[in-house]
Amino acid sequence: MSSIGLSVPPGLTISIEACQEYQQNGKNLPEGLWEEILEGLKSVEEDMGAILGDLTKPLFLSVRSEAAISMPGMMDTVLNLELNDEVVAGLAAKNGERFAYDSYRCFLDTFGDVVMGIPHSLFEEMLENMKEAKEAKLDTDLIASDLKELVEQYKHVYFEAKVDKFPSGVLFARNPSTGEKKLYGEFLVKAQDIEFTVQENRLWILQCRSGKRTGKGGIKIAVDMVKEGLVDKRTAIKMMEPHHLDQLLHPQFEDPSAYKDKVVAMGLPASPGAAVGQIVFSADDAEQWHAQGKSVILVRTETSPEDVGGKYAAAGILTARGGKTSHAAVVARGWGKCCVSGCANIRVNDAEKVMANADISEDALAARNNGAQGICLCRTEHMFFASDERIKAVRKMIMAVTPEQRKAALDGLLPYQRSDFEGIFRAMDGQIAKESEFFSFGTNDLTQMTFGYNRDDVDKFLPIHLSKGILQSDPFDVLDQTVVGQLIKIATEKGRGARPSLKASYFISLSQLQSVSGSGHEILYYSLLICNKNRTFISKLRCQAD
């Protein structure tokens, strides 16, 4: 740039070769480099008429990385190197306090991030908090006194980052895990939440508060403190937290380390606890063995509402598929039973009957060719994932403005569903109602499909819909009868038209059951699992409801 006549400030360059040698030599400067830097700095001072560190004519340096071709990952530029508490006062006298302390603030931010490894977000958060406190919309709305305060806050971050001289950490008067009466603690050299600190080999205790502890440790500490006369029984009971009791009510292995070398497979911790028992592969076997006084572990590829009796009888549940929100996981947590789900390393081979999950005809045919004797779960909404054309048709239906547009979109979906079901029936050698002994409806899943909701994130927007009157009630609490209810009724009536003895089961929340009661809509005889909102099993009955 100098060669074409541009005004470029004087400076000095440290070559890439010198940087590489510095890294290769254990971060030691190459011989003679420091002297060359000081000589170059003296030349810059002469050209600028300023001196590094001088209070009246301070020289500020800009340190930047350069390359022949710009590339990501290059070091950010550090401006105003040599600003400190003394120099900033001289700069303020010459250029004004606001300019001087804003420059100092920016320097502390970039130097901390680039050189010291202090996250930029820490400084940014302090800046935003200051703007909020001073009701300032822009950085430029802050006055000199605000910026002085920010500088002090930034310097405190540097104090906490002095990793060599100021290690800090947390100290417990008793072991928080076991409750044992002895000092227990740990420290982190970069800790932000300080309870004690060590400065030049001297320990300072800074803060005291109630420590977090496990259920086992909490109860032992409470009991011991009563025995030691430190607190009375009433105070000790108040020291206990509800989740402590929840931890203790779940079965636990006395010595988990004794089983470490005997682990066969691992899965997801769907429901806490521990269980020991004989393995069974069907819900019926679990109920029968339990009736004989045996402890059993129900092992399934995945479970369904029809397995509820076996899950209730089992001491623990293990599934090869599913996650923490699977049917097995939700039911197990409600009952306080141990459950490991998604254990992909196990393969369950049902000796008597192999059923499959299939959503499209291709999957049904593949399952049949691999020995499946039927389909236990067919999710109609999954049919729409088979191609982009289907997904586009679903989007048109969802985004339709008029009833005519929605009907046109639904008419486009109908051929897909019809052909899929025909293919599935052909693969299974028959028509579904003639071969099936029961239909199982999940009102929760039907509600999700009908409204296009995902139950995992519905709480984020459903309260808004309710407050604005878009919905009159929560569809997961009050069963929608105009669509969801009609889908169930149509399927049940048509199914029994082909097989009069067909049974229909419904997995329905207690609040949804109450919303159906007295509605005037007749529901045919069905097997009903009554549950609370968390799907905790209450009872099983056969009834007819209006």
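**Exercise 1. Is Asn80 buried, exposed or partly exposed?**

Solution. Start with the ground rules: this is a predicted model, where local features need pLDDT of at least 70, side-chain atom pairs count only at pLDDT 80 or more, and totals for chains, interfaces and linings use all residues. Residues are numbered from 1 along each chain as its sequence is written, and side-chain values use heavy atoms, leaving out hydrogens and water.

Next, the classes: buried is under 20% relative accessible area, exposed is over 50%, and partly exposed is in between (1.4 Å probe, protein chains only). Asn80 has 23% relative accessibility, so it's partly exposed. Now place it: Asn80 sits in strand β2 (residues 78-81), where helices (H or I, at least four residues) and strands (E, at least two) are DSSP runs numbered from the N terminus.

**Exercise 2. Look at the backbone of Asn80 and Lys27, and say what stands out.**

Solution. Recall the background first: most residues other than glycine have a negative phi. Asn80 has a positive phi, near 60 degrees. Lys27 also has a positive phi, near 60 degrees. Lys27 belongs to the loop between α1 (16-24) and α2, and with a relative accessible area of 54% it's exposed. For a glycine case, check Gly452: just after α17, its phi is positive, at about 70 degrees.

**Exercise 3. Find the nonpolar patch that includes Leu38, and place Leu38.**

Solution. Patches take residues with over 30% relative accessible area and no salt bridge, and nonpolar side chains (Val, Leu, Ile, Met, Phe, Trp, Tyr) are joined within 5 Å, like charges within 9 Å. A salt bridge means a side-chain nitrogen of Lys or Arg within 4 Å of a carboxyl oxygen of Asp or Glu. Here Leu29, Trp34 and Leu38 make a nonpolar patch of about 310 Å², an area from the Shrake-Rupley method with a 1.4 Å probe, with only the protein chains shown counting as cover for residues. Leu38 is in helix α2 and is partly exposed, at 42% relative accessible area.

**Exercise 4. Which residues does Arg390 touch, leaving out those up to four places away in sequence?**

Solution. Begin with the setting: Arg390 is in helix α14 (residues 388-399). Then its cover: a relative accessible area of 10% makes Arg390 buried. Finally, collect contacts (heavy atoms within 4.5 Å): Arg390 touches Met383, Phe384, Leu413, Tyr416 and Asp420.

**Exercise 5. Zoom out: what share of the 546 residues in the chain is buried?**

Solution. Buried residues come to 31%. Among them, in helix α17 (residues 443-451), are Thr443, Asn444, Leu446, Thr447 and Gln448.
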